[in-house]
Amino acid sequence: KHVLCEKPLAMNPQDAFDVVRAEHESGRAHVSLGFMRRFDKGYGELKDALDAGELGTPLILNCKHRNADVLPGFTNVHMVYDSAVHEIDAISFFLEEPVVSVQSITPRSTENAPEGLSDPMLLLFRTASGTVVTDELYVSTKAGYEVRTELVGSRGAATVGQESGLVTTQQEGGRWGGSVPADFRPRFIDAYDAEVQAWIAAVADGSFVAPRSATAWDGYVAAAVCEAAEQSLTADGAVEVQLLQRP
């Protein structure tokens with residue numbers, strides 16, 4: 001059946017690859033995976049600029065992922081699979097190449113973090129071509145929801161998710177202040193709608209998977225990189241990403 005599946009595709013790389021193999025054996029693509037940021041207007045404009053060569057060779061991809069708060073029991077492992085997984089798919093979307101290693105760096109934690117959570121956290125990824133990706137994760141800001149992405153290339157840089165003018169993220173008098181919303185919905189509501197409409201159109205025209213939609217393979221790649229990122233939480237230095245050959 002032709003499905004739009006919420007991420008993750010599976011709970012581990014092995015199960016995700018089983019989906020990739022089964023889809024391959026069926027003779028065509030059936031799975032669209034719900035990484036909705038691919039349908040965000042800003043993400044699309046940045047991808048267009050990169051594909052058109054306007055930014056030259058991609059050198060560094062800087063990502064920021066901030067939440068006002070998280071539920072009790074949120075751990076470093078959740079930080080990888082619930083938060084960083086979006087930036088991990090952004091690497092596939094923007095750069096279209098595999099991640100070969102990931103390293104986690106944990107600075108001093110905020111006093112707002114739940115017990116045992118390293119917050120903020122920085123993940124450093126390196127791709128096959130040598131592009132470096134930084135992912136700043138900070139999920140207990142007590143301020144609001146922010147997602148920003150900057151592509152630094154050989155011909156210039158471009159940023160999405162950065163409002164113009166003065167941006168404040170403080171919480172004042174128990175109310176959300178400044179320019180940032182309290183959660184993800186205002187930021188990505190249009191992307192969710194665009195994603196679903198694109199999937200409906202793809203099923204209607206027989207292509208089944210919309211252009212730029214994440215695929216089963218993207219889901220497998222995200223699972224494999226997340227697994228390496230989880231291992232990096234307790235490793236000394238970078239952890240290599242192990243990817244099976246694509247059918």
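Helices in these legends are DSSP runs of H or I that hold at least four residues, and they are numbered from the N terminus. The model shown in every view is a predicted one.

**View 1. Helix α2, its two ends and its surroundings.** Helix α2 covers residues 41-51, and in the predicted model its start is marked by a contact in which a side-chain oxygen of Asp40 comes to within 3.1 Å of the backbone nitrogen of Gly42. After the helix comes Gly53, a residue with a positive phi, near 80°. Between these two ends, the buried residues of α2 are Gly42, Tyr43, Gly44, Leu46, Lys47, Ala49 and Leu50. An α-helix has 3.6 residues a turn, so residues three or four places apart point the same way. Which elements cover the buried residues of α2? Among them are two elements that come soon after it in the chain, β3 (58-66) and α3 (76-95), together with β7 (146-153) and β8 (156-160).

**View 2. Tyr43 and its ring partners in helix α3.** The structure holds eight aromatic pairs. In one of them, Tyr43 and Phe93 are stacked, with 6.4 Å from centre to centre and 15° between the planes. Because Tyr43 belongs to helix α2 and Phe93 to helix α3, this pair ties together parts that are 50 residues apart in sequence. Both Tyr43 and Phe93 are buried. Tyr43 also pairs with Phe94, and here the ring centres are 5.1 Å apart and the planes lie at 40°, so this pair is tilted. The pair of Tyr43 and Phe94 likewise links helix α2 with helix α3, across 51 residues, and Phe94, like Tyr43, is buried.

**View 3. The largest cavity, with Tyr43 and Phe93 in its lining.** Tyr43 and Phe93 appear again here, since the lining of the largest cavity consists of Phe35, Met36, Arg37, Arg38, Tyr43, His86, Asp89, Ala90 and Phe93. How many cavities of 30 Å³ or more does a search of the whole structure find? The search finds one, and the largest cavity holds about 40 Å³ of space. Helix α3 gives the most to its lining, with four residues, and by class the lining has five nonpolar, one polar and three charged residues.

**View 4. The largest pocket, with His86 close to its centre.** The volume of the largest pocket is about 530 Å³. Its lining is made up of 23 residues, and those closest to its centre are His65, Asn67, Asp82, His86 and Phe184. Helix α3 gives the most to this lining, with four residues, while the lining as a whole divides into ten nonpolar, seven polar and six charged residues. Phe184, one of the residues closest to the centre, also belongs to a cluster in which ring pairs link it with Tyr145, Phe188 and Tyr192.

**View 5. The second largest pocket, lined in part by helices α3 and α5.** This pocket contains about 270 Å³ of space. Of the 14 residues that line the second largest pocket, Ser92, Glu96, Trp217, Asp218 and Arg246 lie nearest its centre. Helices α3 and α5 (216-232) each supply at least two residues of the lining, and the largest share, three residues, comes from α5. Sorted by class, the lining of the second largest pocket has four nonpolar, three polar and seven charged residues.

Notes: Residues numbered from 1 in each chain as written. Predicted model: local features only at pLDDT ≥ 70, side-chain atom pairs only at ≥ 80, totals over all residues. Heavy atoms only, no water. Buried < 20%, exposed > 50% of the residue type's maximum accessible area, 1.4 Å probe, protein only. Contact = heavy atoms within 4.5 Å. Polar contact = N/O pair within 3.5 Å; in protein donor to acceptor, adjacent residues only side chain to side chain. 1 Å grid on protein atoms, 1.4 Å probe; cavity = no way out; pocket = protein on both sides within 12 Å on 5 of 7 lines; lining within 4 Å. Points joined across faces, edges and corners; volume = space filled by probe spheres on them. Nonpolar A, V, L, I, M, F, W, Y, C, P; charged D, E, K, R; others polar. Phe/Tyr/Trp six-rings, centres within 6.5 Å; stacked < 30°, edge-to-face > 60°.
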